[in-house]
Amino acid sequence: MTITTVRIASILLGGCLAASVFSGPVFAVGNDNSTMPTCKKGEIYDQKTKKCVKQQGANVSDENRTDYAYSLAKAGRYEEALAMLDTVKDQNSAEVLNYRGYATRKLGRTDEGISYYLQSVKMDPQYAKVREYLGEAYVIKGRLDLAKEQLNTIMTICGTACEEYQDLNAAILDPSKI
C-alpha cells in the first residue's frame, strides 16, 4: 500500500466513524399526549414512573389523568376515556372539556360534543386544539360556515403551518377524513 492509499483509507474510516456518531436516534422534546402508551383496562399510564399502574389508588395528577384520557380516546377507547376523565378532580379545565367533547363526538354524540367544546372555548379562547375539534364537529353537522370561522380563528392563534390548522383545513376540504 502506498502512503496516499493509507491516508485516503484513514479519511474514509474517520468519516464513517463520525457519521455513525451523529446518526443515532433523535428524541423529540415535548409532551405529545397522543403518543402516550395505553394500558389494559383498569390501569393508567403513570408519566412519573413510565409504567402502567392500577387505576384504583393510583397517585397520579389530574394532568396525567387528562393526558391519559386523551391517549385512550386517540386509541379509539372512547368510553374508557370518558371514565378516566370522570376521575379528574377539576372538571372545569379547557383540556378536560375538550377531550370529553372529542370522546363523545367520536361516539356519535356530536351535539353533546359541541356543547363541551363550547364550554372549553369559553375557558380558553386561544386553545387551538379545541377550535380544531369544534370545527370538525361543525363539518360533521354540515355547517362549513362555522367550521371556516374556527379555521380563521386558529389561523390567528398559531398560523397556517400548525397541525390544528392543517387538520381542520383538510377536514373542510374532504369531510371523509374525519
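In the predicted model, the face of helix α5 that is turned away from its buried side bears the exposed residues Asp-111 and Lys-122. The buried residues of α5 are Thr-110, Gly-113, Ile-114, Tyr-116, Tyr-117, Ser-120 and Val-121. These residues lie on the same side of α5, because the arc that they cover around the axis is only 165 degrees. The packing partners of the buried residues of α5 are two helices, α4 (94-106) and α6 (128-140). The length of α5 was also examined. Helix α5 comprises 14 residues (residues 110-123), for which a rise of 1.5 Å a residue gives an expected span of 20 Å; the C-alpha atoms at its ends are 20 Å apart, in agreement with that expectation.

The surroundings of Gly-101 were considered next. Gly-101 is located in helix α4 and has a relative accessibility of 0%, so that Gly-101 counts as buried. When residues up to four places away in sequence are not counted, Gly-101 touches Gly-113, Tyr-116 and Tyr-117. Each of these contact residues, Gly-113, Tyr-116 and Tyr-117, is among the buried residues of α5. A separation of 8.5 Å is found between the C-alpha atoms of Gly-101 and Leu-134, although the two residues are 33 positions apart along the chain.

An annotation from a sequence record covers part of this region. The unreviewed UniProt entry places the feature "repeat: TPR" at residues 94-127. In the model, residues 94-127 are 79% helix and 0% strand. The C-alpha atoms at the two ends of this segment are 8 Å apart.

Aromatic side chains were then analysed. The count of aromatic pairs comes to four. One of these pairs joins Tyr-102 and Tyr-133 in a tilted arrangement, with 4.7 Å from centre to centre and 40 degrees between the planes. This pair links distant parts of the chain, since Tyr-102 belongs to helix α4 and Tyr-133 to helix α6, 31 residues apart. Both partners are buried: Tyr-102 has a relative accessibility of 6%, and Tyr-133 has a relative accessible area of 2%. Tyr-133 also forms a tilted aromatic pair with Tyr-117, at 6.4 Å centre to centre and with 40 degrees between the planes. The two rings are again contributed by distant parts of the chain, Tyr-117 by helix α5 and Tyr-133 by helix α6, with their positions 16 residues apart. Tyr-117 counts as buried because its relative accessibility is 0%, against a limit of 20%. Ring pairs connect Tyr-70, Tyr-99, Tyr-102, Tyr-117 and Tyr-133 into a cluster.

Finally, the whole structure was searched for disulfides, and one was found. The disulfide is formed by Cys-158 and Cys-162, whose sulfur atoms lie 2.0 Å apart. The two cysteines fall into separate accessibility classes. Cys-158 has a relative accessibility of 31% and therefore counts as partly exposed, whereas Cys-162, with a relative accessible area of 14%, is buried. These assignments follow from the limits applied, because a residue is buried under 20% relative accessible area and exposed over 50%, with partly exposed in between.

Methods
Residues are numbered from 1 along each chain as its sequence is written. This is a predicted model: local features need pLDDT of at least 70, side-chain atom pairs count only at pLDDT 80 or more; totals for chains, interfaces and linings use all residues. Side-chain values use heavy atoms; hydrogens and water are left out. A disulfide is a pair of cysteine sulfur atoms within 2.5 Å. Buried means under 20% relative accessible area, exposed over 50%, partly exposed in between (1.4 Å probe, protein chains only). Helices (H or I, at least four residues) and strands (E, at least two) are DSSP runs, numbered from the N terminus. The expected span of a helix is 1.5 Å times one less than its number of residues. The arc is that of the directions from the helix axis to the C-beta atoms. Contact means heavy atoms within 4.5 Å. UniProt positions are given in the numbering used here, feature names are shortened, and annotations may be inferred rather than shown by experiment. Rings of Phe, Tyr and Trp (its six-membered ring) pair if their centres lie within 6.5 Å; planes under 30 degrees apart count as stacked, over 60 as edge-to-face and the rest as tilted.
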